[in-house]
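Please look over the sequence and the model shown below. The paragraphs after it go through the chains one at a time and then turn to the place where they meet.

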Amino acid sequence: MMRTPTRGIRILGVGLEIAVPIGALALWAALTRDGSSFYFPPLLDIFRTFQETWLFAGMGTDVVPSLSRLLSGYAIAVVAGVVVGVALGSSHPLRRMVDPVVQFLRAIPPPVLIPAGILVLGVNSTMKVALIAFVCLWPILLNTIDGVGGVDPTLRETARSFQIPRRDRLFRVVLPSAAPQIFAGARVSLALAVIMMVVSEMVASTNGIGYFVLQSQRTYAITEMWSGILLLAILGYVLNALFLLVERRALRWHRGARTGSA
Amino acid sequence: MLRVEHVKKVYGEGTRRPFEAVADLSVTVSEHEFVSIVGPSGAGKTTLLKCIAGLLPQTSGAVYLDDEEVVGPPEKMALVFQDYSRSLYPWMTVEDNVAFPLKRRKLGKTAVRELIQDTLRSVGLGDAGAKYPWQLSGGMQQRVAIARALAYQPEILLMDEPFASVDAQTRADLEDLVLALRDRYGITILFVTHDIDEAVYLSDRVVVLTPSPTSVAEIVDIPLPRPRDQVETKELPDFARLRAYVWRSIKRPEQSATALA
């Protein structure tokens, strides 16, 4: 059984969870209220600008292109990472052969790939999607290789002894068993995807949220700049929350198996 | 029914330090027989069982099941591993675990459901179908593994130290369960254990192995009356005698020749 905190402590916890962010916002609003700082405009102004800029005028021009690039790149990385990871993870010699290459490619600091990406693919959307996919690939790939390589031998032997067909062995034994690690990699990649989306839009773009933030800063539209940053924060938060929701459903058994009866 | 003929298993053959786990082992199990394999720990019992189950290719020798050579896991054989927590699939419910090996058999949906219900009920878990294995106790999990093996409808059941990780009370219950199921389903059982009491209590014959590299030290007939009973069988003088005999055969091979005389 999990340790269940008493009712009072639980209520206090939830209360703090709500109170602390509100307090932080109130503090921010109070400190910037008089509008004396050029760089830190009043919070309420930022909110107003946020509403004017993003709800829903900027949706089509900046948010949709950004998000679609992010999601396409991420989706490519997930599919490629899992497919290649399963193939590599299933064979020990293969795993050892490609490991140095994977480790080397992974070690490249992602933003440095942008100049090369521009050179090879141009300044279009394809370059940004490819970049996001490339960067997001490694955590997923490495974790999938690890997860697939680490499937308990007894689980594998059980499947073999019951003559479970290949297809079922893959989809109902190997993948579920590796799923906790695959999800861990995918979560790291999701954060990377947001970063790469913004960075790529700052260097070579004519739209997107990253482009908007940089453009605002360059034109001294400071309130707009902050509203863009706020939007990115909200976006990152929501994406992560959605991810956790999916993960919780998919790995329900995993949490249960770890905390469940011994 | 099952014939193991001169099976030899060498790990790392051709390397500088090959390890001979099984030297030369022959044993036969007839239909409906309950045969236990006991031996000192590290005697290559699990290796032997994997060779018999077709999970591990032997270096030389052969295994025959109903006169057919075993080259891969046979359809008529089911395995129960020691480590139930690693042999049941934690992402599947109890029912799905039992049903999983049946998918390939072309049984109707209702037939499968009846089979699952029937086997789960026969191991005393009729109500646990919708639960996950990790919601059950160790003994119950091993019952699920046994139900899964039974639902596979094998002619022979191979059990690799199935009760080594449960407490003594549960162990006695599971031993009696296996005996009851054997009568009910009429299956042959080859049972690997390091527990001498358990081997004598359950078996028709006990195969005693030598330390590694393994061969058969001796095969002991167990003519105790059936049905066996945890109390009555174990207080029989014959039980004590056989138990001591097997014990000597394993621990003090030099004395065993004279012990039964």
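What percentage of the 262 residues in chain A do buried residues make up? The share is 32%. This value, like the others here, comes from a predicted model.

Chain A is built from helices: it has 11 of them and 0 strands. Read from the N terminus, every element in the series is therefore an α, giving α-α-α-α-α-α-α-α-α-α-α. The C-alpha trace of chain A spans about 75 × 60 × 30 Å along its principal axes. Its radius of gyration is 23 Å, whereas a compact globule of 262 residues would have one near 18 Å. Among the contacts in chain A with a separation of 6 or more, 73% are between residues 24 or more positions apart.

Two helices of chain A can serve as examples. Helix α1 of chain A covers residues 7-32. At 1.5 Å a residue, its 26 residues should span 38 Å, and the end C-alpha atoms are indeed 38 Å apart, so the expected and the computed spans agree. How many of the 26 residues of α1(A) are buried? The number is 0, so this helix lies largely in the open.

Helix α4 of chain A, residues 92-106, contains A:V102. A:V102 has 18 other C-beta atoms within 10 Å. A residue counts as buried from 20 such atoms and as exposed at 12 or fewer, so A:V102 is partly exposed. Leaving aside residues up to four places away in sequence, A:V102 touches A:L141 and A:L142. A:G208 lies 106 residues from A:V102 along the chain, and their C-alpha atoms are separated by 31 Å.

Chain B has 9 helices and 10 strands. Its radius of gyration is 19 Å, close to the 18 Å given by the globule rule for 261 residues, so chain B is as compact as a globular protein of that length. The C-alpha trace spans about 55 × 50 × 30 Å along the principal axes of chain B. Of the 261 residues in chain B, 41% are buried. Among its contacts between residues at least 6 apart in sequence, 67% join residues at least 24 apart.

How are the strands of chain B ordered in the sheet? The sheet is open, has 10 strands with mixed pairing, and follows the order β5-β4-β1-β2-β10-β9-β3-β8-β7-β6. At its edges are β5 (68-69) and β6 (77-80) of chain B, each of which pairs on one side only. Helix α5 of chain B, residues 138-151, packs on the sheet and touches β6 and β7 of chain B. The direction of α5 makes about 175° with that of β6(B).

From the β6 edge, the next strand inward can now be followed. β6(B) and β7(B) run parallel and are joined by 4 bridges, with B:M77 opposite B:I156. β7(B) also pairs in the parallel sense with β8 of chain B, residues 188-193, over 5 bridges. In that pairing the bridge partner of B:L157 is B:I189. Is β7(B) largely enclosed or largely open? Of its 5 residues, 5 are buried, so β7(B) is largely enclosed by the rest of the structure. In a regular strand the side chains alternate between the two faces of the sheet. In β7(B), B:I156, B:L158 and B:D160 point one way, B:L157 and B:M159 point the other way, and all are buried.

Another part of the sheet centres on β9 of chain B, residues 205-209. This strand runs parallel to β3 of chain B, residues 34-38, and 4 bridges join the two. B:S36 stands opposite B:V206, and B:V38 has B:V208 as its bridge partner. With β10(B), in contrast, β9(B) pairs in the antiparallel sense over 5 bridges, and B:V208 stands opposite B:E218 there. A hairpin through 4 residues joins β9(B) to β10(B). Since 4 of the 5 residues of β9(B) are buried, so that strand is largely enclosed by the rest of the structure. Helix α8 of chain B, residues 237-251, lies across β3, β9 and β10 of chain B, running at about 165° to β10(B).

Finally, the two chains meet. In this contact, 21 residues of chain B are in contact with 20 residues of chain A. The chain B side consists of 13 nonpolar, 3 polar and 5 charged residues.

Note on methods:
Residues are numbered from 1 along each chain as its sequence is written. Chains are lettered from A and ligands numbered from 1 in the order in which they are written. This is a predicted model: local features need pLDDT of at least 70, side-chain atom pairs count only at pLDDT 80 or more; totals for chains, interfaces and linings use all residues. Two residues are in contact if their C-beta atoms, placed from the backbone, lie within 7 Å. Ala, Val, Leu, Ile, Met, Phe, Trp, Tyr, Cys and Pro count as nonpolar, Asp, Glu, Lys and Arg as charged, and the others, Gly among them, as polar. The radius of gyration is taken over C-alpha atoms; the globule rule is 2.2 Å times the number of residues to the power 0.38. Two strands pair if DSSP finds at least two bridges between them. Axes are lines fitted to C-alpha atoms, for helices over the stretch in contact, and angles run from 0 to 180 degrees between N-to-C directions. The expected span of a helix is 1.5 Å times one less than its number of residues.
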